[in-house]
Protein chains: 2
Amino acid sequence: MGDPERMMVGVAEETHRRAGCRPMIEDKWSLTVVSALGAGPRRFTQLKREITGVSQRMLTVTLRSLERDGIISRTVHNVMPAHVSYALTPLGASFLEAVTPMLTWSHDNVKRIVEARLEHDARTP
Amino acid sequence: MGDPERMMVGVAEETHRRAGCRPMIEDKWSLTVVSALGAGPRRFTQLKREITGVSQRMLTVTLRSLERDGIISRTVHNVMPAHVSYALTPLGASFLEAVTPMLTWSHDNVKRIVEARLEHDARTP
DNA sequence: CTGAATCCTGTATGATACTG
DNA sequence: CAGTATCATACAGGATTCAG
């Protein structure tokens, strides 16, 4: 996790690559988490429920690194029972905005890609 | 490569996840390649030169799967010496458009993220 | 020039069990 | 509830070599 080589957001240009950055999107859960938090602050268990398939460990790891990058904030509430809530920071919110076109595109074109694959696989045995 | 579980573009929603898709962005080079091809068709060696750090293998692998997904086209020119050119398909071009906001955001916010990290690391020994 | 075939390794992820 | 600690593993990615 402490690896400075990892976790930069959406980088694809030479300069960034030289800076030792790789797309944050590269990891499996960040986008999903940010996307979920786009609907408003969430607690740990809530996220765990909403995001099908995350292990507890990976959710923790992902939240930690997003927090480190200033994309989300983590707030501990000292009530009983104690709980923690996560929310997008302004930076995180702007990131989500920037990523939304891609999410939309994806949603609109999954079919097309699946088709392209089928055709391609049919042509090449 | 042939794994149907891999390689779907920019997916982050439940439905897609259920469909067994994960973000194409997840892999290290796809975005960079698509981005490079955004400037126009390119030949293999050209891409290899422009994209610092790709191994020959990974460039091939990436090109193949982008081709399979209908994002890029591959054209063999029967001249001497023979060469191959790659270009974005219309689908690929629309994808690049959808991803551009993220690239821009990334470019504009690398600093902020790096700072956030430094602060965070300073606070937490 | 454009790849395919191998071999090898780091590491991202998962499963499981334990804790304040 | 919200994690941490271990352990195990698959797989992406790199280096290298060979070929049409």
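**Entry 1: residues around DNA strand C**

I started with the protein residues around DNA strand C in this predicted model. I count 19 of them, and A:Lys28, A:Arg57, B:Thr45, B:Arg74 and B:Tyr86 come nearest. I then sorted the residues of this surface by type. Eight are charged, six are polar and five are nonpolar.

Next I asked which elements supply the surface. Chain A contributes helix H4 (56–68), with at least two residues. From chain B, I noted helix H3 (44–50), helix H4 (56–68) and strand E3 (83–88), each also giving at least two. H4(B) gives the most, with four residues.

**Entry 2: backbone or bases**

Which part of DNA strand C do the atoms within 4 Å of the protein belong to? I found 71% in sugar or phosphate, and the rest in bases.

I followed up with the phosphate oxygens of DNA strand C. One lies 2.2 Å from a polar side-chain atom of B:Arg74. For A:Lys28, I read 2.8 Å between a side-chain N or O atom and a phosphate oxygen. For B:Arg43, the corresponding distance is 3.4 Å. B:Arg74 and A:Lys28 are also among the residues that come nearest to the strand.

**Entry 3: helix H5 in both chains**

I checked the length of H5 in chain A, residues 90–123. At 1.5 Å a residue, its 34 residues should span 50 Å, and the end C-alpha atoms are 48 Å apart, so the two agree. I still looked for a bend. H5(A) bends by about 55° at A:Asn109.

Then I turned to chain B. Helix H5 there covers residues 90–123, 34 in number. From first C-alpha to last it reaches 48 Å, close to the expected 50 Å. I located a bend of about 55° in H5(B) at B:Asn109.

**Entry 4: confidence in chain A**

Where in chain A is confidence lowest, and where highest? The lowest is helix H1 (residues 14–18), at a mean pLDDT of 40. The highest is strand E1 (residues 42–43), at 97. I noted a chain average of 80, with 78% of the residues scoring at least 70.

I marked residues 1–23 of chain A, where pLDDT stays under 50. The model has 59 contacts beyond four places in sequence for this stretch.

Terms used: Residues numbered from 1 in each chain as written. Chains lettered and ligands numbered in written order. Heavy atoms only, no water. Expected span 1.5 Å × (residues − 1). Bend = angle between axes of the 7 residues up to and from the residue. Near = heavy atom within 4 Å. Polar contact = N/O pair within 3.5 Å; in protein donor to acceptor, adjacent residues only side chain to side chain. Nonpolar A, V, L, I, M, F, W, Y, C, P; charged D, E, K, R; others polar. pLDDT = per-residue confidence, 0-100. Contact = heavy atoms within 4.5 Å.
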